[in-house]
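Please open the structure in a viewer and keep the sequence panel visible beside it. The tour below proceeds by selection, with a description of what is found at each stop.

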Amino acid sequence: MSKDKEYTSDENMEEVKDQIREDFKDEPAEEFIDDNLNSMDEEDGETMNLSDNKEEGPSENQKLKEDLEKEKDKFLRLFAEFENYKRRTSKERLEQFKTANQEVMTALLPVLDDFDRALIEIRKAKDKNLLKGVELIYHKLSETLRNKGLEAMKVESGDSFDAEVHEAITQVDAPSDKLRGKIVDVVERGYKLGEKIIRFPKVVTGR
């Protein structure tokens with residue numbers, strides 16, 4: 001018997017059969033030809049199917065992985081956008097809460113100014129009972145407004161002038177070299193509501 005040969009072309013099938021007959025001329029060749037060639041066809045078919053499955057399997061898995069990565073990326077982007085939205089809206093709500101009473105607070109500022117002027121005049125009169133009564137009312141009102149977020153800005157003579165937070169209404173000759181370019185007098189108090197300035201302090205600067 002000659003060495004086994006590998007036959008793969010349908011066009012050479014007759015040549016394959018002749019060669020097998022030659023190799024098996026002392027044995028029933030036709031039965032061997034039919035059985036083995038059919039078996040080879042089946043094995044080739046199974047091999048082809050397996051190859052197809054192997055080719056389709058990784059391809060399908062790769063496609064699923066890519067789709068999963070895309071969906072994961074979409075989810076992460078959506079989650080990040082939602083977190084940003086929550087932070088932004090929370091900050092906006094907090095700011096709105098802090099400044100919700102801005103109009104009312106602004107309307108009450110002249111009343112606080114009147115109290116400041118009244119206390120100056122009452123102190124001059126040296127009426128202790130009157131001064132004590134007015135101070136009690138003033139402190140009660142101030143404390144109530146402070147609890148709502150209103151805060152008087154601390155500005156004094158000698159402080160450096162800052163155009164971002166001070167409103168200069170006039171400029172005078174500085175009474176001393178130390179007051180040149182600085183605040184000489186505070187004409188009207190400034191107030192903040194939370195972190196927002198709702199009225200800038202009016203000041204006089206030295207030149």
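In what order do the elements of the chain run from the N terminus on? The elements follow the order α-α-α-α-β-β-β-β-β-β, that is, four helices and six strands. The model is a predicted one. Colour the chain by accessibility before proceeding: of its 207 residues, 18% count as buried.

**Stop 1: helix H2**

Select residues 29-98, which make up helix H2. Within this helix, display the side chains of Asp 73 and Arg 77, which are four residues apart, about one turn of the helix. Their side chains meet in a salt bridge, with an N to O distance of 2.9 Å. Asp 73 has a relative accessibility of 36% and counts as partly exposed. Arg 77, with a relative accessible area of 55%, is exposed.

Now add Phe 75, Leu 76 and Phe 79 to the selection. What do these three residues form on the surface? They make up a nonpolar patch with about 330 Å² of accessible area together. Phe 75 is located in helix H2. Its relative accessible area is 53%; because exposed means over 50%, Phe 75 is classed as exposed.

**Stop 2: the loop after H3**

Move on to Lys 126, in the loop between H3 and helix H4 (128-147). Inspect the backbone here: phi of Lys 126 is near 60°, a positive value in a residue other than glycine. Is Lys 126 buried or exposed? Lys 126 counts as exposed, at 74% relative accessibility.

**Stop 3: the largest pocket**

Display the surface and turn to the largest pocket, which has a volume of about 400 Å³. Its lining comprises 17 residues, and those closest to the centre of the pocket are Asp 116, Val 186, Val 187, Glu 188 and Arg 189. Which elements each supply at least two residues of this lining? They are helix H3 (102-125) and strand E3 (183-188). The largest share, six residues, comes from H3. Colouring the lining by class gives eight nonpolar, one polar and eight charged residues.

Select Asp 116 and Arg 189 from this lining. Their side chains meet in a salt bridge, 3.9 Å from N to O. The pair links distant parts of the chain, 73 residues apart: Asp 116 belongs to helix H3, whereas Arg 189 is in the loop between E3 and strand E4 (191-193). Asp 116 has a relative accessible area of 18% and is buried; Arg 189, at 37% relative accessibility, counts as partly exposed.

Glu 188 also deserves display with its charged partners. Which residues are linked with Glu 188 in a network of salt bridges? The network joins Glu 188 with Asp 113, Glu 167, Arg 199 and Lys 202.

**Stop 4: contacts among the strands**

Keep Val 187 on display and add Ala 168, a residue of strand E2 (residues 167-172). The C-alpha atoms of Ala 168 and Val 187 are separated by 9.5 Å, while the two residues are 19 residues apart along the chain. Ala 168 counts as partly exposed, at 40% relative accessibility.

Next, select Leu 150 in strand E1 (residues 150-152). How far apart are Leu 150 and Ile 197 in space and in sequence? From C-alpha to C-alpha the distance is 9.7 Å, and the separation in sequence is 47 residues. Leu 150 has a relative accessibility of 6%; because buried means under 20%, Leu 150 is classed as buried.

**Stop 5: a salt bridge after strand E6**

For the last selection, choose Asp 173 and Arg 207. These residues form a salt bridge in which the closest N and O atoms are 2.9 Å apart. Asp 173 lies in the loop between E2 and E3 and Arg 207 in the segment after strand E6 (202-206), so the pair ties together parts that are 34 residues apart in sequence. Asp 173 is exposed, with 56% relative accessible area.

To complete the view, display every salt bridge in the model: the count comes to 15.

Technical notes:
Residues are numbered from 1 along each chain as its sequence is written. This is a predicted model: local features need pLDDT of at least 70, side-chain atom pairs count only at pLDDT 80 or more; totals for chains, interfaces and linings use all residues. Side-chain values use heavy atoms; hydrogens and water are left out. On a 1 Å grid over the protein atoms alone, a cavity is a set of points where a 1.4 Å probe fits but cannot get out, and a pocket is an open set with protein on both sides within 12 Å along at least five of seven lines; lining residues have an atom within 4 Å of a point. Grid points are joined across faces, edges and corners, and a volume is the space filled by probe spheres set on the points. Ala, Val, Leu, Ile, Met, Phe, Trp, Tyr, Cys and Pro count as nonpolar, Asp, Glu, Lys and Arg as charged, and the others, Gly among them, as polar. Patches are made of residues with over 30% relative accessible area and no salt bridge: like charges are joined within 9 Å, nonpolar side chains (Val, Leu, Ile, Met, Phe, Trp, Tyr) within 5 Å. Accessible areas come from the Shrake-Rupley method with a 1.4 Å probe; for residues, only the protein chains shown count as cover. A salt bridge is a side-chain nitrogen of Lys or Arg within 4 Å of a carboxyl oxygen of Asp or Glu. Buried means under 20% relative accessible area, exposed over 50%, partly exposed in between (1.4 Å probe, protein chains only).
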